[in-house]
Amino acid sequence: MRPFQTPAFSLVIALLVSAHATQAFAQGPCGGFKWDVSKERALFATSARPQSAGKDAAAAPVVEPNRLYQLQLKPAAEVTFSLPPGKKPGDGSYAGLAALKIPKSGSYRISLDLPFWVDVVTGGKLVPAKDYEGQHDCNAPHKIVEFDLDNQAPLLLQFSGVSQAAVRLTVTQVMVR
């Protein structure tokens, strides 16, 4: 009999699978992120600061890292984007703008509670996302997008394709790994 066909080997495999499944279940629907999102999860457990999203860049409120915001959005048809968003807003969707103020240049995560689009605009261009991930059954956060950002240039966040009028978000700096 080969080693992988023994009852002992089968038991070991069953225990490993069970332990992994138990750990994933214990972490709940927000436990499957590939990154360490403990900082983002802790921020989503705090009270959100209410803000009204801007309908254009001039009216955009300032958001800062390490705070949870609840952003009241506008009907997408009322919002004037600085650049066309990466995802075109659909009929009946919501959108808005916010200025981002960061203390130093580096990689930052924008964490969102719903599946919607976020762009970062600086210098008349969209900043490409460095990476992203999400958990479908989680809203604390649901989606995280990582960008490399420069604090020497104005940063504008554009939110689009949102199905609800209010969203929660936070911005966190990625610590060097």
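Is H142 buried or exposed? Select H142 in this predicted model: at a relative accessibility of 10%, the residue counts as buried, because the cut-off for that class is under 20% relative accessible area.

**The whole chain**

Before examining individual sites, display the protein in full. The secondary structure comprises 2 helices and 12 strands. Colour the chain from the N terminus, and the order of elements reads α-α-β-β-β-β-β-β-β-β-β-β-β-β. The protein has 177 residues, of which 40% count as buried. Switch next to a surface representation: the accessible surface amounts to about 10,000 Å², and carbon and sulfur atoms account for 57% of this area. For a contact map, consider the contacts with a separation of 6 or more; residues 24 or more positions apart make up 75% of them.

**The loop between β9 and β10**

Return to H142, which is situated in the loop between β9 (131-134) and β10 (143-149). Show the contact partners of H142, leaving aside neighbours within four places in sequence: F33, L112, D113, L114, P115, E133, G134, Q135 and H136.

Then select P141, which is also found in the loop between β9 and β10. Inspect the backbone leading into P141: the peptide bond from A140 to P141 is cis, with omega near 0°. Most peptide bonds, by contrast, are trans.

**The loop between β2 and β3**

Move to N66, in the loop between β2 (62-63) and β3 (69-72). What is the phi of N66? The angle is near 65°, a positive value in a residue other than glycine. Most residues other than glycine have a negative phi. With a relative accessible area of 38%, N66 is partly exposed.

**The aromatic pair**

The final stop concerns aromatic rings. How many aromatic pairs are there? The count comes to 1. Select F116 and F159, which form this pair in an edge-to-face arrangement, at 5.9 Å centre to centre and with 65° between the planes. The arrangement is classed as edge-to-face because the angle between the planes is over 60 degrees.

Where do the two residues of the pair lie? F116 is in the loop between β6 (106-112) and β7 (117-122), and F159 is in strand β11 (residues 155-162), so the pair ties together parts that are 43 residues apart in sequence. Finally, colour both residues by accessibility. F116 counts as buried at 2% relative accessibility, and F159 counts as buried at 0%.

Definitions and conventions:
Residues numbered from 1 in each chain as written. Predicted model: local features only at pLDDT ≥ 70, side-chain atom pairs only at ≥ 80, totals over all residues. Heavy atoms only, no water. Helix = DSSP H or I, 4+ residues; strand = E, 2+ residues; numbered from the N terminus. Buried < 20%, exposed > 50% of the residue type's maximum accessible area, 1.4 Å probe, protein only. Contact = heavy atoms within 4.5 Å. Areas by Shrake-Rupley, 256 points an atom, 1.4 Å probe, with all protein chains shown as cover. Phe/Tyr/Trp six-rings, centres within 6.5 Å; stacked < 30°, edge-to-face > 60°.
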